[in-house]
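Please find below a colleague's note, set out as numbered points for discussion at the bench.

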Amino acid sequence: MSTHPQPTQSDRPDREPVTLPRLADMKANGQPIVMVTAYDFPSARVAEEAGVDIVLVGDTAAMVVLGYDATTPVGMDEMVTMASAVRRGLRTPLLIGDMPFGSYERSNEHAIENAQRFVREAGVAAVKLERGGPSVERARAIASSGIPVMGHVGLTPQSASALGGFKAQGKTLESAKQIAHDAHELQAAGCFAIVFEAVPAAVTEALMPHIHVPVIGIGAGLSTDGQVLVFHDLLGMTMGHSPKFVKRYAEIHERMVDGVRCYADDVRSRHFPDADHVYAVDQDAVAELRSYLDQGSLATAPWDW
Ligand code: KIV
């Protein structure tokens with residue numbers, strides 16, 4: 001059994017829930033928007049207490065939580081389960097569910113059904129989908145059905161193989177123009193915001209005056225209206241190679257290994273549990289129990305009495 005985490009002082013009960021108009025105002029006022037991913041109740045609590053503006057239940061869950069080497073294997077059921085756990089941990093940030101691979105490509109109807117699942121079963125405020133091209137029509141359909149949509153251009157991990165791997169996009173004129181057109185069409189389709197992933201800073205800077213909805217960058221430089229990082233990346237919970245755009249603000253993986261190692265050492269040396277972690281009982285009751293047992297009372301099972 002574990003204790004249920006309690007809200008803390010830093011929950012800032014005075015903070016208003018973040019809404020789409022609030023994000024538009026932040027863009028208009030040049031106030032940077034902070035977005036982070038989360039996949040479960042504890043990571044949602046951290047995002048809430050840290051005071052971020054947007055929480056994305058990203059399909060990066062496939063990689064950082066489920067251990068796959070791509071985002072494509074995660075499905076709607078898993079995403080909805082994770083999003084509803086995150087919902088329970090949040091009060092103020094805007095919650096967005098990431099439409100996983102295969103959940104929106106087939107038809108507008110299928111895309112709307114899955115977006116509705118996110119809203120109905122997990123209580124998200126909006127969904128995100130990847131790419132321009134055919135996704136533009138899906139974004140328009142979902143937005144017209146009443147569910148706000150965030151677009152995502154540049155490096156779109158669901159189509160990483162078609163893009164030649166997890167590589168920066170927009171490095172050639174052709175590719176930069178493609179990003180410009182994709183972003184422009186997604187904006188025209190009704191997206192309330194767009195993620196730019198792994199786009200050279202100078203290309204983003206050139207595009208920013210043409211995009212009128214908030215742009216959230218990940219590896220896209222400083223000129224965007226906000227930034228997003230994957231929870232596990234920014235806290236140092238991932239191992240091995242990190243993308244160039246990841247800045248690690250903590251080394252939690254090492255701290256967790258140290259913690260579990262200390263626990264294992266304490267168990268093996270019988271230093272845990274100690275006096276602080278056991279329940280007290282009246283000594284007379286224990287003495288009576290011992291004498292009861294010493295009389296061989298267990299020979300007759302209580303249910304035979
Ligand atoms: O799935 C995800 O985590 C994302 C962010 C990196 C934007 O799409």
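The points that follow concern a predicted model and take up a helix, its salt bridges, a loop residue and two surface patches.

1. Helix H2 and its cover. Helix H2 spans residues 41–50, and its buried residues are Phe41, Ser43, Ala44, Arg45, Ala47 and Glu48. The cover over these buried residues includes two strands, E1 (33–37) and E2 (54–57), together with helix H4 (76–89) and helix H9 (231–234). Just after H2 comes glycine 51, with a positive phi of about 80°.

2. A salt bridge from H2 to the segment before H1. Eight salt bridges are found in the whole structure. One of them joins glutamate 48 to arginine 15, with 3.9 Å between the closest N and O atoms. This pair links distant parts of the chain, 33 residues apart: glutamate 48 belongs to helix H2, whereas arginine 15 lies in the segment before helix H1 (20–28). Both glutamate 48 and arginine 15 are buried.

3. A salt bridge within H2. Arginine 45 and glutamate 49 also form a salt bridge through their side chains, at 3.7 Å from N to O. The two residues are both in helix H2, four residues apart, which is about one turn of the helix. An α-helix has 3.6 residues a turn, so residues three or four places apart point the same way. Arginine 45 counts as buried because its relative accessibility is 12%, under the 20% limit for that class. Glutamate 49, in turn, is partly exposed because its relative accessible area is 22%.

4. Adjacent partners and a network. What is the N to O distance in the salt bridge between glutamate 137 and arginine 138? Their side chains meet at 3.8 Å. Glutamate 137 has a relative accessible area of 44% and is therefore partly exposed, while arginine 138, at 11%, is buried. Elsewhere, Asp77, Arg117 and Glu121 are joined into one network by salt bridges that share partners.

5. Alanine 220. Is alanine 220 buried or exposed? Alanine 220 sits in the loop between strand E7 (215–218) and strand E8 (226–229), and it counts as buried because its relative accessibility is 1%. Leaving aside residues up to four places away in sequence, alanine 220 touches Phe196, Val199, Ala201 and Thr204. Its C-alpha lies 9.1 Å from that of glycine 154, although the two residues are 66 apart in sequence.

6. A nonpolar surface patch. Which residues form the nonpolar patch on the surface? They are Val260, Tyr263, Val267 and Phe272, which together have about 380 Å² of accessible area. Phenylalanine 272 is placed in the loop between H10 and H11. With 37% relative accessibility, phenylalanine 272 counts as partly exposed.

7. A negative surface patch. Asp265, Asp266, Asp274 and Asp276 form a negative patch on the surface. Of these, aspartate 274 is in the loop between helix H10 (252–268) and helix H11 (283–294). Aspartate 274 is classed as partly exposed because its relative accessibility is 34%. The H10–H11 loop thus holds aspartate 274 from the negative patch as well as phenylalanine 272 from the nonpolar patch.

Conventions:
Residues are numbered from 1 along each chain as its sequence is written. This is a predicted model: local features need pLDDT of at least 70, side-chain atom pairs count only at pLDDT 80 or more; totals for chains, interfaces and linings use all residues. Side-chain values use heavy atoms; hydrogens and water are left out. Patches are made of residues with over 30% relative accessible area and no salt bridge: like charges are joined within 9 Å, nonpolar side chains (Val, Leu, Ile, Met, Phe, Trp, Tyr) within 5 Å. Accessible areas come from the Shrake-Rupley method with a 1.4 Å probe; for residues, only the protein chains shown count as cover. A salt bridge is a side-chain nitrogen of Lys or Arg within 4 Å of a carboxyl oxygen of Asp or Glu. Lys and Arg count as positive and Asp and Glu as negative; His and the chain ends are not counted. The place of a charge is taken as NZ of Lys, CZ of Arg, CG of Asp or CD of Glu. Buried means under 20% relative accessible area, exposed over 50%, partly exposed in between (1.4 Å probe, protein chains only). Contact means heavy atoms within 4.5 Å.
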